[in-house]
Amino acid sequence: MSEEKFLEGKVALITGAGGGGFGREMAKAFASKGANLVINDINEEGLEKTREIILKDFNVEVLIAKADISDSGQVKEMAENVLEKFDNLFLLVNNAGIDGGLYPTLKQKEAMYDKIMAINLKGAWNVTKSLFKQMRRQKHFTPVAGKIINIVSCAGTANGANPMVGIYSVSKAGLLAFTRLWALELGKNNITVNAISPGVFLTPIYNNDPNLIKDFLKTRGVKIPIDKIGESKMVADAALFLASPGADYITGQNIIIDGGMCISVNKF
Ligand SMILES: NC(=O)c1ccc[n+]([C@@H]2O[C@H](COP(=O)([O-])OP(=O)(O)OC[C@H]3O[C@@H](n4cnc5c(N)ncnc54)[C@H](O)[C@@H]3O)[C@@H](O)[C@H]2O)c1
């Protein structure tokens, strides 16, 4: 990645940036290229921590936007606050998500079904819906007016559909479909929309516990060809590439970062 500060003067909003996982790592990556940040989460303490980490190392502005993305009212208010503080929103990363625990789809409780869908799928739709018009107005950003990155999952791909987190898989497959639909809908406005699908990474979603991940893989009989658990920086690096001018002609795509896990499921 070049040393050039290609996000200077541009604002990046990241949902789920209060956890110690991808959100925080992407915030650091975008700030390193000069982006001002809007960091969203329901976890206020986590957001304060992310802001502290960013401000220690980077001379950028950071707006904390606590909001439950499944609640369209809170999202609308968040979008208003963003546009009151900043004059643009170049980059939107729909990263917040929950897995809802380990259950086969038909044994999952209705309330949890609703919650997973409301956060992982409707949440991304709420946030995108509240801000795409601002991106569309940014004709002065050429050749691309705005970029959207959806953090999906191997579990949302055809190969990786995971019966242990079935409803999560369905929500992520839906987010992948949104990725292609939004790329189609917003292409004429010079807005790119892409997805990143991580495999298994050491983050709070796995309690930062490598043994939990190893057990999870063993139970499913999955062997990762590159036999390592991923690190958040790998996802942040891919997000930074999608945010960079080098990716301006890429849209509607899904970058799978999984050490080959998806292609190996049920193959060994
Ligand atoms: N860790 C992995 O191996 C892995 C693999 C594939 C996909 N993912 C996806 O990556 C994304 C980030 O997860 P992570 O692993 O970095 O864990 P994380 O726990 O650090 O990130 C998820 C964040 O989303 C926030 N959140 C939950 N509900 C919310 C809501 N209603 N509104 C706003 N924020 C909310 C949480 O508070 C948390 O901070 C998720 O979408 C997850 O599904 C993770």
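# Briefing: fold, helices and ligand shell

Alanine 31 sits in helix α1. The model described here is predicted. The protein chain holds eight helices and seven strands. Around the ligand there are 31 residues.

**Alanine 31**

- Is alanine 31 buried or exposed? Alanine 31 is buried, because 22 other C-beta atoms lie within 10 Å and the cut-off for a buried residue is 20 or more.
- Apart from neighbours within four places in sequence, alanine 31 contacts Leu37, Ile54, Phe58 and Val60.
- One of these contacts, Ile54, is itself a buried residue of α2.
- Between alanine 31 and isoleucine 196 the C-alpha to C-alpha distance is 19 Å. In sequence the two are 165 residues apart.

**Helix α1 (22-32)**

- Nine of the eleven residues of α1 are buried, so the helix is largely enclosed by the rest of the structure.
- The buried set consists of Phe22, Gly23, Arg24, Glu25, Met26, Ala27, Ala29, Phe30 and Ala31.
- Which elements cover the buried residues of α1? Among them are the strands β1 (11-14), β2, β4 and β5, together with the helices α2 and α7.
- Glycine 34 comes just after α1 and has a positive phi of about 95°.

**Ligand shell**

- The closest residues to the ligand are Gly16, Gly19, Gly21, Gly97 and Thr203.
- Three elements give two or more residues to the shell: α1 (22-32), β2 (36-41) and α4 (110-137).
- By residue type, the shell has 13 nonpolar, 16 polar and two charged members.

**Helix α2 (44-57)**

- The 14 residues of α2 should span 20 Å at 1.5 Å a residue. The end C-alpha atoms are 21 Å apart, which agrees.
- Gly46, Leu47, Thr50 and Ile54 are buried in α2. They lie on the same side of the helix, because they cover an arc of only 100° around the axis.
- An α-helix has 3.6 residues a turn, so residues three or four places apart point the same way.
- Which exposed residues does the face of α2 turned away from the buried side carry? That face carries Glu44, Glu45, Glu52 and Lys56.
- The buried residues of α2 pack against α1, β2 and β3 (62-66).

**Helix α7 (232-243)**

- Helix α7 has twelve residues. From first C-alpha to last it reaches 17 Å, close to the 16 Å expected at 1.5 Å a residue.
- Ser232, Val235, Ala236, Ala238, Ala239, Leu240, Leu242 and Ala243 are the buried residues of α7.
- These buried residues pack against helix α1 and the strands β4 (91-94), β5, β6 and β7 (254-257).

**Lysine 115 in helix α4**

- Lysine 115 belongs to helix α4, an element that gives two or more residues to the ligand shell.
- Lysine 115 counts as partly exposed, because it has 15 C-beta neighbours inside 10 Å. Exposed would need 12 or fewer, and buried 20 or more.
- Isoleucine 98 is 17 residues from lysine 115 along the chain. Their C-alpha atoms are separated by 8.7 Å.

**Backbone points in loops**

- Where is the cis peptide bond? It runs from threonine 142 to proline 143, with omega near 0°.
- Proline 143 is in the loop between α4 and β5 (146-151).
- Asparagine 190 has phi near 60°, a positive value in a residue other than glycine.
- The loop between α5 (166-186) and β6 (191-198) holds asparagine 190.
- Asparagine 190 is partly exposed, with 19 other C-beta atoms within 10 Å.

**Whole chain**

- A compact globule of 268 residues would have a radius of gyration near 18 Å. The protein chain has 18 Å, which agrees.
- Along the principal axes, the C-alpha atoms fill a box of roughly 50 × 40 × 40 Å.
- Of the 268 residues, 46% are buried.
- Among contacts with a separation of 6 or more, 75% join residues 24 or more positions apart.

How values were computed:
Residues are numbered from 1 along each chain as its sequence is written. This is a predicted model: local features need pLDDT of at least 70, side-chain atom pairs count only at pLDDT 80 or more; totals for chains, interfaces and linings use all residues. A residue is near a molecule or strand if its C-beta atom, placed from the backbone, lies within 6 Å of it. Helices (H or I, at least four residues) and strands (E, at least two) are DSSP runs, numbered from the N terminus. Ala, Val, Leu, Ile, Met, Phe, Trp, Tyr, Cys and Pro count as nonpolar, Asp, Glu, Lys and Arg as charged, and the others, Gly among them, as polar. The expected span of a helix is 1.5 Å times one less than its number of residues. The arc is that of the directions from the helix axis to the C-beta atoms. Two residues are in contact if their C-beta atoms, placed from the backbone, lie within 7 Å. The radius of gyration is taken over C-alpha atoms; the globule rule is 2.2 Å times the number of residues to the power 0.38.
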